[in-house]
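Trainee: Please give me a close look at one part of this model, the annotated positions and their surroundings. I would like to know where they sit and what they touch.

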Amino acid sequence: MSFWFTEKQTSAFGITGKVNRTLESEKTTFQQLDMVETQEFGNMLLLDGMVMTTEKDEFVYHEMIAHVPLFTHPSPKNVLVVGGGDGGTIREVLKHSSVGKVTQVEIDGKVVDYSKKHLLDISCEYGNPRVELIIGDGFEHIIKSENRYDVILVDSTEPVGPAAGMFTKGFYAGIAKALKKDGIFVAQTDNPWFKADLIKNAIHDTKEIFPIARLYTCNIPTYPSGMWTFTMGSKVYDPLNVSIDKISDINGKYYTPELHYASFVLPKFVQNLCR
Ligand code: SAM
């Protein structure tokens, strides 16, 4: 029996789609996990009732979290992904031949297991010998790491439950320590319509720790408001100074050399969050 699913963004607004059937529904140690088959967007992963990814539009988020920083760094070799248990971010990272190793620290092994079962094109790089998967807390991994990574990608859930600590100044400071002296990090920082304060804090904290701090956006139909942001902190390299001929074809569907720069062009109300 099909039914309408709504992810409530506020008490008065939500995002709705029709679900054909529920494939999995489990309370894991960390969160409520649901995998559903939708009519418009293919299989969809939900954590605590929030849309994490869908088969149809996942490419936007995964290409944008990975390729903007990986083309900003001239030679990324050692990459860390925090969260990202569906596997889409590591799939994109591995398209960069300079990357020798990608370490993924995901707190909830069930997200990986169910993604391997129901999100086949997203989780397809688990098993690649360049991937080390650690089931554990990304925050703790960061605290233990020093001068280790060229690029760190924070592909986390919203700042509730296990990801609560990931939107704090202490976490960004830990990331700075875990990065090499010319390292770059990117974190997903939600949307400017309903989470303006989260973005403001993220970019302000990043500015205090990194010499280069920038916000960029993309459009994702199944995320609240459709407009999504990423916050980048960089010790040396500026994403706006990358030479366009250094950006090669990644065989994707969203990211292009032109979009690399265009994604940093912000509407006025979003610019205002970065002041
Ligand atoms: N793309 C999504 C979005 O923006 O809504 C997020 C993807 S989802 C796969 C994020 C993952 O972060 C989840 O699988 C969750 O288990 C994981 N996560 C949350 N807190 C974590 C932590 N402290 N350490 C490692 N992974 C964590």
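**A close look at the annotated positions**

Mentor: Happy to, and let's begin with Glu158, which touches Met50, Ala163 and Asp190 once residues up to four places away in sequence are set aside (contact means C-beta atoms, placed from the backbone, within 7 Å). Bear in mind that this is a predicted model, in which local features need pLDDT of at least 70 and side-chain atom pairs count only at pLDDT 80 or more, while totals for chains, interfaces and linings use all residues. Residues are numbered from 1 along each chain as its sequence is written.

Glu158 is found in the loop between E9 and H5 (helices, H or I with at least four residues, and strands, E with at least two, are DSSP runs numbered from the N terminus). Glu158 counts as partly exposed because 18 C-beta neighbours lie inside 10 Å; the scale is buried for 20 or more other C-beta atoms within 10 Å, exposed for 12 or fewer, and partly exposed in between, with C-beta atoms placed from the backbone. An unreviewed UniProt entry gives "binding site" for Glu158 together with His62, Asp86, Asp155, Ser156 and Thr157. UniProt positions follow the numbering used here, feature names are shortened, and annotations may be inferred rather than shown by experiment.

Moving back along the chain brings us to Asp155, which lies in strand E9. Besides appearing under "binding site", Asp155 is listed by the unreviewed UniProt entry as "active site". Asp155 is buried because 25 other C-beta atoms lie within 10 Å. Its contacts, not counting residues up to four places away in sequence, are Ile65, Val81, Val82, Gly83, Gly84, Thr89 and Gln188.

Another "binding site" listing in the unreviewed UniProt entry names Gln31, Glu106, Asp137, Gly138 and Pro162. Take Gly138, which lies in helix H4, residues 138-144. With 27 other C-beta atoms within 10 Å, Gly138 is therefore buried. Beyond four places in sequence, Gly138 is in contact with Val82, Gly83, Val105 and Ile107. Val82 and Gly83 are also among the contacts of Asp155, so it is worth having both residues on screen as you turn the model.

Pro162 takes us back to the loop between strand E9 (149-155) and helix H5 (169-178). Pro162 is partly exposed because 18 other C-beta atoms lie within 10 Å. Outside the stretch within four places in sequence, Pro162 is in contact with Phe30, Gln31 and Ile107. Gln31 is itself one of the residues in that UniProt listing, and Ile107 is also a contact of Gly138.

After the loop comes helix H5, and its partner to look at is helix H6 (residues 196-209). The two pack at an angle of about 40°, with their axes 9 Å apart; axes are lines fitted to C-alpha atoms, for helices over the stretch in contact, and angles run from 0 to 180 degrees between N-to-C directions. H5 and H6 are therefore oblique to each other (under 35 degrees is roughly parallel, over 145 roughly antiparallel, 65 to 115 roughly perpendicular, the rest oblique). H5 passes H6 in a right-handed crossing, the near helix being turned clockwise from the far one by less than a right angle. On the H5 side Lys169, Tyr172, Ala173 and Ala176 meet Asp205, Thr206 and Ile209 of H6. The residues of this contact divide into four nonpolar, one polar and two charged (Ala, Val, Leu, Ile, Met, Phe, Trp, Tyr, Cys and Pro count as nonpolar, Asp, Glu, Lys and Arg as charged, the others, Gly among them, as polar). Asn201, also in H6, is 32 residues from Lys169 in sequence, with 8.5 Å between their C-alpha atoms. Asn201 counts as partly exposed because it has 18 C-beta neighbours inside 10 Å.

One last stop is the loop between H4 and E9, where Asn147 is placed. Asn147 has a positive phi of about 50° although it is not a glycine. Most residues other than glycine have a negative phi. Asn147 counts as exposed because 10 C-beta neighbours lie inside 10 Å.

Note on methods:
Two residues are in contact if their C-beta atoms, placed from the backbone, lie within 7 Å.
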